[in-house]
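The following exchange asks why certain terms apply to a protein model. Each answer sets a value against a definition and then concludes.

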Amino acid sequence: DGCGHTILGPESGTLASINYPQTSPNSTVCEWEIRVKPGQQIQLKFGDFDIDDSDSCHSSYLRVHNGIGPTRTEIGKYCGFGFQMDGLITSKSNEVTVQFMSGIHTSGRGFLAVYSTTDKSDLITCLDNASHFSEPEFNKYCPAGCVIPFADISGTIPHGYRDSSSLCMAGVHAGVVSNTLGGQINVVISKGIPYYEGSLANNVTSKVGPLSTSLFTFKTSGCYGTLGMESGVIPDSHITASSILEWSDQTGQVNIWKPENARLKRLGPPWAAFISDEHQWLQIDLNKEKRITGIITTGSTLAEHYYYVSAYRILYSDDAQKWTVYREPGMDKDKIFQGNTELYQEVRNNFIPPIIARFFRINPLKWHQKIAMKVELLGCQFSLGRAPKITIPPPPQNKNDKNDGFSDDFIHSVKTSLETDKTTFTPEIKNTTVTPSVTKDVALAAVLVPVLVMVFTTLILVLVCAWHWRNRKKKTEGTYDLPYWDRAGWWKGMKQFLPTKSAEHEETPVRYSSSEISHLRPREVPTMLQTESAEYAQPLVGGIVGTLHQRSTFKPEEGTEASYADLDPYNSPIQEVYHAYAEPLPITGPEYATPIIMDMSSHPSTPLGVPSISTFKAAGNQAPPLVGTYNKLLSRTDSASSAQALYDTPKGQPGPGAADDLVYQVPQSVAHSTGSKDE
C-alpha cells in the first residue's frame with residue numbers, strides 16, 4: 001500500500017512513493033520488480049529523495065537489490081532528508097528490485113526515481129526543467145511515465161514552452177516522445193515570450209503561463225503538416241461515415257450533418273452519427289499511403305448543439321477491407337485516445353511510432369450527448385522508394401469475421417488477441433526506414449555538394465573579375481574624361497559649329513564703365529567689346545550702328561540727341577582700352593548682342609575696304625537702317641595704314657548689298673603690329 005505513481009516500460013520507467021510529493025503515510029511498504037531485455041543492465045536515478053532517518057534507516061528506508069526473488073542481492077540501503085545521490089545506481093543483471101519502507105515519522109516526502117537501460121547515458125528525471133541546463137542546445141533521454149499529476153507545463157508548439165516546465169512532460173505534450181515508451185529529445189533554448197498559451201495534447205494539459213526569460217522548443221523530423229482536411233485537398237468523396245445525422249428543425253428545414261462537414265476550422269455544422277454507439281466511424285481516404293503522425297479534433301463548434309467525442313480508437317488499412325487497431329509497441333491493448341472536453345477546443349494526439357496507411361478510421365468510444373466532430377490529420381508523404389513496406393501475414397480468419405462491416409472488425413479486435421500480430425508498428429520500423437534513406441541521401445550529397453560549390457565559386461570569381469576590370473577602366477579614363485584629346489583646344493574648335501544664340505536668350509550682362517565712357521567724344525560709339533569670360537572670344541565691334549532705339553544695348557550721352565551719321569567713329573585717334581560691355585538701359589528687358597566665336601587662325605585676311613556689318617541687331621525683326629557709308633575698322637596701331645582687316649566675311653555670304661542678313665564673326669584675338677597695346 002506504499003506504491004505511488006508507477007510506469008514500468010520495456011526500456012525505461014518512473015516510480016514514486018505513495019502521496020509524493022506530500023508527506024508519505026506511516027507504516028506503508030511497496031516493492032517494484034523491474035525487468036529489461038536479457039543481456040542489458042539497469043541504471044537507477046533519483047529525482048527527489050526525502051526519507052526520515054531518525055532511526056538510522058531502521059524503519060524508514062529505500063533498498064535496491066540485484067535480481068528478483070529469493071536469490072536477489074542487496075546493492076544499497078538509503079535514507080535521509082534531502083539526500084543527494086551522486087551518480088547512478090547500476091545493476092549487474094537485467095533485473096532489479098526496489099523496496100520502500102515507511103515507518104513512524106512526522107515528515108518526509110518520500111522519493112521519485114527513474115530508470116533506463118545503461119545504453120541511455122543522458123538519462124534525466126521527470127522533474128528536470130530547462131533551467132537546470134546551461135547549454136543552448138542539448139540531447140537528453142526522457143524515461144517513460146513522466147506525465148505526472150504533480151508537475152505542470154506552460155506553452156505549446158510551435159511557440160515553445162516556458163523554461164520552468166518539465167522537459168519530459170513537455171516532450172510528451174509536443175508529441176516528440178511517448179509517455180508509455182519514453183525517448184530521446186533534442187532541446188533548443190531561446191529567448192522567452194510575454195505569454196504562453198495553454199492546450200490539451202496527448203493527455204497532457206498545458207497551462208497558460210506568464211513572461212519568462214527563456215523558453216525551449218524541440219527539434220523534430222518536421223513530419224507534422226496537415227494532410228488536407230481543412231484545405232480541401234482531400235475531396236468530399238473520400239470522406240465517408242457509418243451513418244449521417246439528418247433532422248428537421250422547428251421551421252421545417254432539413255439539416256444533414258454529412259461526413260464532408262468534418263473539416264477542422266470550417267464554419268457550419270460538423271459530421272454527426274445518426275446513432276450514437278461504439279460501432280460508428282468516420283473514414284478518410286488519403287488517396288495513397290501517407291505517414292500519419294497525429295490528429296486534431298474538435299466538437300460540433302455550435303453553441304446550440306453541445307456535442308463532442310471524449311474518447312476514441314484509431315484503425316487503419318491499405319485496402320479498406322482489413323483493418324488494424326492502433327496499439328503502442330509492446331502493448332497488448334488497443335490505445336484509447338483522449339478526445340475533447342468541450343465543443344470548441346482543439347485537442348491533438350500524436351502517433352508514436354507513426355501510422356503508414358492510406359485509409360484512416362476514427363471509432364468514437366465516449367461522447368457527450370451525440371457523436372459529432374471535426375478533424376484534421378497531421379503527417380507527410382510516404383515514399384515506398386525510400387523505405388521498404390512492411391508486409392504482414394494475414395491473420396487466421398474467424399468464422400464470425402466477414403470483413404464486410406465495422407462492427408465485425410470491432411468485435412474481432414476486442415475479443416481476440418490476434419490483432420496484436422496485425423499491428424505493424426514496432427520500434428523496428430524506424431530502423432528499417434532510416435538506413436536506406438540515409439545511404440541514398442549521403443551518396444546524392446557526395447555528388448551534388450562539390451558540383452554546387454564549384455559552380456558558385458566560378459560565378460563569384462567571374463563577378464569579382466568583372467568588377468575589378470570596370471573599376472580599373474574608370475580609374476584610367478574617368479567617367480567623363482577625354483584623356484587623349486586637347487580638351488581646351490577641342491572645345492574652342494567646336495564652338496564655331498554651335499548655333500548662334502538669340503539676343504533674347506543671352507544671359508551675360510552688358511555694362512558701361514563710367515571711367516571709360518568719359519574718354520569718348522559726343523556721338524562716339526565704343527569700337528571694341530571685350531568679354532570677361534576667358535572661354536569666350538573677345539569681340540571688336542565694327543560696322544555702322546543705326547539709330548539707337550529703346551532696347552539698344554548702347555546708351556548715348558545725355559543731352560542733345562546725336563546723329564551717328566555725322567562722324568566716322570572708327571577714325572578716332574584715341575587708343576584707350578575700352579571696357580568689354582556697355583551698361584544696359586533701365587527699361588523693360590535688355591536686349592543683348594550675341595557674339596559668334598571663331599578661331600581666326602584658319603581664316604584668310606581680307607582687305608580693309610571690305611564692308612563690315614554690325615553684330616548687333618536693332619529692336620524687332622528688321623535690320624537697323626544703314627547710315628552713311630561702310631566704316632573702316634580701327635587697326636589699333638600707331639600706323640594708320642594697316643593692311644590687315646579685323647573682320648572676316650562668313651562663308652556663303654554675298655557682297656555688301658546684302659548687309660541686312662550679314663553678321664560678322666568675331667575672332668578671339670587679333671595679332672597686331674609692333675607698338676600695339678594688349679587688350
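Q: Why is arginine 327 called buried or exposed, as the case may be?
A: In this predicted model, arginine 327 has a relative accessibility of 4%. Buried means under 20% relative accessible area, exposed means over 50%, and partly exposed lies in between, with a 1.4 Å probe and protein chains only. Because 4% falls under the limit of 20%, arginine 327 counts as buried.

Q: What makes the contact of arginine 327 with aspartate 334 a salt bridge?
A: The N to O distance between the two side chains is 2.5 Å. A salt bridge requires a side-chain nitrogen of Lys or Arg within 4 Å of a carboxyl oxygen of Asp or Glu. The value of 2.5 Å lies within that limit, so the pair qualifies. Aspartate 334 is at 17% relative accessibility and therefore also counts as buried.

Q: On what basis are the residues and atoms of this model treated?
A: Residues are numbered from 1 along each chain as its sequence is written, and side-chain values use heavy atoms, with hydrogens and water left out. As the model is predicted, local features need pLDDT of at least 70 and side-chain atom pairs count only at pLDDT 80 or more, whereas totals for chains, interfaces and linings use all residues.

Q: How many salt bridges does the rule give, and what makes glutamate 31 and arginine 72 one of them?
A: The count comes to 15 salt bridges. In the pair of glutamate 31 and arginine 72, the closest N and O atoms are 3.4 Å apart, and this value is within 4 Å, so the rule is met. The pair links distant parts of the chain, 41 residues apart: glutamate 31 lies in strand E3 (residues 28–35), and arginine 72 lies in the loop between strand E5 (61–66) and strand E6 (73–78). Helices (H or I, at least four residues) and strands (E, at least two) are DSSP runs, numbered from the N terminus.

Q: Why are glutamate 31 and arginine 72 called partly exposed?
A: Glutamate 31 has a relative accessible area of 37%, and arginine 72 is at 26%. Each value lies between the two limits for buried and exposed, so both residues are partly exposed.

Q: What makes lysine 219 and glutamate 137 a salt bridge?
A: Their closest N and O atoms are 2.8 Å apart, which is within 4 Å, so the definition is satisfied. This pair also links distant parts of the chain, 82 residues apart, with lysine 219 in the loop between strand E16 (214–218) and strand E17 (225–226) and glutamate 137 in strand E10 (residues 137–142). Lysine 219, at 48% relative accessibility, counts as partly exposed, and so does glutamate 137, at 39%.

Q: Why is helix H1 described as largely enclosed?
A: Eight of the eight residues of helix H1 (residues 167–174) are buried, so the helix is largely enclosed by the rest of the structure. Among them are Leu167, Met169 and His173.

Q: Why is phenylalanine 456 called exposed?
A: Its relative accessible area is 51%. Because this value is over 50%, phenylalanine 456 is exposed. Phenylalanine 456 is placed in helix H4 (residues 428–477).

Q: Which arrangement do phenylalanine 46 and phenylalanine 111 have, and why is it given that name?
A: A search of the whole structure finds 17 aromatic pairs. Phenylalanine 46 and phenylalanine 111 form an edge-to-face pair, at 6.3 Å centre to centre and with 75 degrees between the planes. Rings of Phe, Tyr and Trp (its six-membered ring) pair if their centres lie within 6.5 Å; planes under 30 degrees apart count as stacked, over 60 as edge-to-face and the rest as tilted. The distance is within 6.5 Å and the angle is over 60 degrees, so the name applies. Both phenylalanine 46 and phenylalanine 111 are buried.

Q: What makes the pair of phenylalanine 351 and phenylalanine 360 tilted?
A: The centres are 6.0 Å apart and the planes are at 50 degrees. This angle is neither under 30 nor over 60 degrees, so the pair is tilted. Phenylalanine 351 is buried at 2%, and phenylalanine 360 is buried at 0% relative accessibility.

Q: How do you know that residues 478–487 call for caution?
A: Over residues 478–487, pLDDT stays under 50; pLDDT is the predictor's confidence in each residue, from 0 to 100. Where pLDDT is low, the predicted coordinates should not be read in detail. For the protein, the mean pLDDT is 73.

Note on methods:
Contact means heavy atoms within 4.5 Å.
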